[in-house]
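I sat down with a new structure today and kept notes as I went. Here is what I was looking at.

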Amino acid sequence: MPARQKGPLSGLKVIELAHIMAGPVCGLMLADMGADVVKVEKVPGGDDARRFVPPFIGDEPAAYMMMNRNKRGVALDLKTETGKQAVRRLLEGADVVIENYRMGTMEKLGLGYEELRRINPGLIYCEISGFGRTGPYADRGGFDLIAQGMSGLMSITGEGEGRPPVKVGAPVTDITAGIIAAMGVLAAYTSRLQTGQGQKVDTSLFEAGIVHTYWQSAICFATGETPQPIGSAHPLNAPYQAFPTQDGWINIGAANQANWERLLKAIEAPQLNDDPRFSSNASRMTNLPALVDILNPIFRTRPTSDWLARLEAVGLPAGPVLTIPEMHRDPQALARGVITEVEHSTLGAVKTIGLPIAFSGTPGGPQSGAPVYGEHTAEVLSEAGYSAAEIADMLASGAARGAATS
């Protein structure tokens, strides 16, 4: 593996005992910021994301590769005492462990927080679950779809009251839980720098969904009313939504009075400002269906590119509704490095999503592709103090897998 640039978390040692998405997102964020993240995959089979196929890139699962770049991969059988002992040894020298198993699984393996804090008092133990480790739902498993429904997200996503519930297209609670967990890990690490003591960090998909309801919850707290889905519109500002153009869709951000007046200038309709139905944000919200009925035919008269030029000229925030491939080609995404390539050990350069944070002094981002199954088993075990003979015995017994023995 080529030498890494020193990211802001260089020197932080993380053991990832996590699979599929929420936990791996947490590990991914930390790895992209320079942490040494060792992903421990189960024997047999590895991370379940390896079976989220098709598609493949070469003979590697595309979904797995996206979530696990910048990590080193170890394959251990945690049903064997030898495999469990290897994890304990790795954790003796680690700063952070990430896990997203069902309640009680880590304790059954002898790898629960109370056991591990005895061998490593400074360990930051990050748990990501469906509903958190306390409360009446602590024993429940959880998936993004379930969390989106129970957090209220599906009740406010879609085109209108009375329509079937719609989930957000992306697994937003999985991804958000991973990001929140990474934030929690960094907060706990900051505390440890001051106190020397580690702690448990506990978050969930359920809570990750709830935090996306800030506006709707504010409305509900204030009025007692149940917010409904309103398509692409905003619950508090208008017009702030998507409109059809001659050749696509465009998002308009006329979210305050100044931007409303800019919009009227761009569409050459100053008379709308004299209409009492639209003279203030409150009146525009009250009469939003009527406003949309007026604006839709106006926007259909020109192609998206023409509208974007007109709106930019008056200083109104606006943007096209891009497909995923169009977003991948967008010059701003490319300039920011959020669409980039990373070198994989067997496939060469592969496309990936970059780190969504820019650091001026300690660059982060993708530097190595996702590990093939067991790619770094021997390397990591050697660093943990295992001899070549001991590693060979573990590989021969099946307690561990290396890339050549998978």
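My entries below go from the sheet to a helix pair and then to some backbone oddities.

**Entry 1: the sheet.** First a reminder to myself: this is a predicted model. I began with the strands and asked in what order they line up in the sheet. I found 7 strands in an open sheet, running β8-β7-β6-β1-β2-β5-β14, with mixed pairing. Next I checked the edges. β8 (200-204) and β14 (400-401) sit there with a single partner strand each, so one side of each has no neighbour in the sheet.

**Entry 2: one strand pair.** I picked β1 and β2 for a look at the pairing. Strands of a sheet pair through backbone hydrogen bonds, and they can do so parallel or antiparallel. Here β1 (residues 13-17) and β2 (residues 36-42) run parallel, and 4 bridges join them. I noted V14 of β1 standing opposite V37 in β2.

**Entry 3: two helices.** How do α1 and α7 cross? I put helix α1 (residues 22-32) against helix α7 (residues 172-195): their axes come within 7 Å and cross at roughly 50 degrees. That makes α1 and α7 oblique to each other, and their crossing is right-handed. Then I went through the residues that meet. On the α1 side I listed A22, V25, C26, M29 and L30. Their counterparts in α7 include I175, A177, I179, A181 and V185, as well as D174 and G178. Sorted by type, the residues of this contact come to 12 nonpolar, 1 polar and 1 charged.

**Entry 4: cis peptides.** Most residues other than glycine have a negative phi, and most peptide bonds are trans. I went looking for exceptions and began with the peptide bonds. V53 and P54 are joined by a cis bond with omega about -10 degrees; P54 is in the loop between β2 and β3 (56-57). A238 to P239 is also a cis peptide bond, with omega near -5 degrees. I traced P239 to the loop between α9 (214-223) and β9 (240-244).

**Entry 5: positive phi.** Next came phi. I20 has a positive value near 65 degrees, and it is not a glycine. I20 lies in the loop between β1 and α1. Buried, partly exposed or exposed, what is I20? Its relative accessibility is 24%, so I wrote down partly exposed. E268, not a glycine either, has a positive phi of about 55 degrees. I located E268 in the loop between α10 (257-266) and α11 (281-286). At 58% relative accessibility, E268 counts as exposed.

How values were computed: Residues are numbered from 1 along each chain as its sequence is written. This is a predicted model: local features need pLDDT of at least 70, side-chain atom pairs count only at pLDDT 80 or more; totals for chains, interfaces and linings use all residues. Side-chain values use heavy atoms; hydrogens and water are left out. Two strands pair if DSSP finds at least two bridges between them. Axes are lines fitted to C-alpha atoms, for helices over the stretch in contact, and angles run from 0 to 180 degrees between N-to-C directions. Angles under 35 degrees count as roughly parallel, over 145 as roughly antiparallel, 65 to 115 as roughly perpendicular and the rest as oblique. A crossing is left-handed if the near helix is turned anticlockwise from the far one by less than a right angle, and right-handed if clockwise. Contact means heavy atoms within 4.5 Å. Ala, Val, Leu, Ile, Met, Phe, Trp, Tyr, Cys and Pro count as nonpolar, Asp, Glu, Lys and Arg as charged, and the others, Gly among them, as polar. Buried means under 20% relative accessible area, exposed over 50%, partly exposed in between (1.4 Å probe, protein chains only).
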